[in-house]
Amino acid sequence: MKNWKMLTAGAVALSLSASLFAGCSGGKDDGKTHIEFFSSKVENASTYKEIIKEFEKKNPKIAVDLSSPPDAGTVIKTRLTKNDMPDIVAMGDDTTFTDLANSGVLKDLSGSDAVENIQPTYIDMVKKDYKNHDAVYGVPYATNGNGVIYNKEKLAALGIEETPKTWDEFVADLDKAKEAGEIPIYFTLKDAWTGMVALNSVASSISPDQFAEDKTAGNTTFKESYDEVADKLLTLSKYGHKDNMGVAYGDGNTAFANGKGVFYLQGNWAIPELVKANPDVKLGVFPFPATNDPSKNNLVSGIDVLFGLTKDTKHEKEAKKFISFLLDKEQAQKYTDEQSAFSALKDVYQNDPKLEGYKASFESGQITSYPDHFYPTGMNAANILQEFFIKKDKDKFLKTMDKEWDKVIDRK
């Protein structure tokens with residue numbers, strides 16, 4: 001728990017106040033080497049705590065202090081400016097992690113034991129994000145699927161025998177649910193980031209693959225390339241409930257798990273929370289059908305967790321030992337099972353029948369990256385989208401996205 005008391009001002013303090021810690025109650029006077037393990041996900045804290053407990057049992061001279069603040073991106077960027085980095089960072093493969101890597105604070109782990117058992121596809125995926133394309137600044141661990149979760153019992157009651165493969169089929173199912181008095185889609189837009197699940201699902205199959213490069217080069221705009229995306233987002237919003245903007249993610253998980261809504265636009269990371277809220281809920285998943293051509297409807301998938309080792313850690317040996325323990329097949333399988341994740345490790349599989357609907361996409365390779373992972377950091381796309389869902393002004397939404405993108409790029 002390095003210099004934690006230094007970070008007590010303003011918004012950072014708010015984030016830190018809700019941080020989760022494990023194993024740090026003994027401070028640094030307990031004769032142990034403490035390493036700080038910073039995680040950007042709140043959902044997996046319980047699994048990490050169990051793994052840490054096992055690790056500390058086998059390594060009694062090492063204590064792993066888990067920090068998992070709710071606004072991890074802001075916290076880690078603030079700590080970067082204060083030169084107060086943790087020993088290990090566990091984050092998604094997003095622009096925040098890429099910025100950390102490109103800023104030079106992470107070690108290049110290429111050629112190390114840590115990457116030996118990782119599927120090459122995921123190694124290639126992370127390498128292309130960095131300025132130094134030969135480096136591996138993060139070890140891929142868990143991957144995800146961003147699509148549609150559905151209530152199996154409700155779908156059966158509506159007489160829907162197969163999950164939709166096209167946009168028109170999906171809209172027909174939404175209409176059927178609405179006519180039956182159900183909430184077709186349970187939105188949780190009080191938390192702006194949840195709207196990005198819908199945007200990524202729609203945009204990934206509709207916007208051009210090279211959108212980010214073309215946009216930065218001045219060869220396209222959101223107005224030109226996201227018109228259909230915006231229209232479909234507006235269509236989806238019509239199938240929500242009366243308080244789309246008033247329900248947050250946590251409350252939404254509880255509501256959906258207990259029978260509110262037929263479809264839930266979320267990733268597999270929500271499933272453990274749904275099951276926790278109602279162990280008897282019957283769930284299934286399917287890739288979002290953004291177009292009427294099933295061959296174009298890819299599953300949005302990315303690296304949900306990768307481990308980075310900071311360059312200035314004073315405890316490299318101990319930190320590497322803990323990363324190796326996390327990568328042990330037994331621990332990786334535990335993480336995969338408990339977090340309903342897909343593993344980046346060879347020979348670690350997801351066998352949960354609830355996730356059967358993603359199996360064909362992974363097996364056939366019909367997957368694609370998150371479009372927003374290529375948006376410049378700092379454009380606040382989630383907040384712009386949240387405003388769009390409130391005001392439903394498509395022209396303003398697209399113009400604001402263009403304007404904020406350009407503003408960030410011009411600052412660089």
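This passage describes the nonpolar cores, one buried helix, a buried aspartate and some backbone angles of a predicted model.

A good place to begin is the hydrophobic interior. In soluble globular proteins, nonpolar side chains tend to be buried together. Here the largest nonpolar core comprises 71 residues, and Leu-233, Leu-236, Phe-263 and Tyr-375 have the most contacts inside it. The element that gives the most to this core is helix H8, spanning residues 193-206, with seven residues. Apart from this core lies another, made up of 56 residues, including Val-64, Val-136, Ile-303 and Val-348.

Tyr-375 offers a closer view of the 71-residue core. Leaving aside residues up to four places away in sequence, Tyr-375 touches Thr-95, Met-196, Leu-199, Phe-222, Tyr-226, Ala-381, Met-401 and Trp-405.

Helix H12, covering residues 249-257, is another element worth a visit. Its buried residues are Tyr-249, Gly-252, Asn-253, Ala-255, Phe-256 and Ala-257. Among the elements that cover them are helix H8 and helix H13 (271-277), together with strands E5 (146-151), E6 (263-267) and E7 (283-286). Just after H12, Gly-259 adopts a positive phi of about 100 degrees.

Two further positive phi values occur at residues that are not glycine, Ser-340 and Asn-380. Most residues other than glycine have a negative phi. For Ser-340 the angle is about 50 degrees, and the residue sits in the loop that runs between helix H15 (329-338) and strand E10 (342-343). For Asn-380 the angle is about 55 degrees, and the loop in question connects strand E11 (367-368) with helix H17 (381-391). As for their surroundings, Ser-340 counts as buried because its relative accessibility is 4%, under the 20% cut-off. Asn-380 has a relative accessibility of 49% and therefore counts as partly exposed.

The last site is a polar one in the interior. Asp-87 belongs to the loop between helix H3 (72-81) and strand E3 (88-91). Its relative accessibility is 0%, so Asp-87 counts as buried. What does the side chain of Asp-87 reach? One partner is the backbone nitrogen of Glu-36, at 2.7 Å. Another is the side chain of Thr-313, with which the Asp-87 side chain makes a polar contact, also at 2.7 Å. This buried aspartate thus has polar partners in both a backbone atom of Glu-36 and the side chain of Thr-313.

Note on methods
Residues are numbered from 1 along each chain as its sequence is written. This is a predicted model: local features need pLDDT of at least 70, side-chain atom pairs count only at pLDDT 80 or more; totals for chains, interfaces and linings use all residues. Side-chain values use heavy atoms; hydrogens and water are left out. A nonpolar core is a set of buried Ala, Val, Leu, Ile, Met, Phe, Trp, Tyr and Cys residues joined through side-chain atoms within 4.5 Å. Buried means under 20% relative accessible area, exposed over 50%, partly exposed in between (1.4 Å probe, protein chains only). Helices (H or I, at least four residues) and strands (E, at least two) are DSSP runs, numbered from the N terminus. Contact means heavy atoms within 4.5 Å. A polar contact is a pair of N or O atoms within 3.5 Å; within protein, one must be able to donate a hydrogen and the other to accept it, and residues adjacent in sequence count only if both atoms are side-chain atoms.
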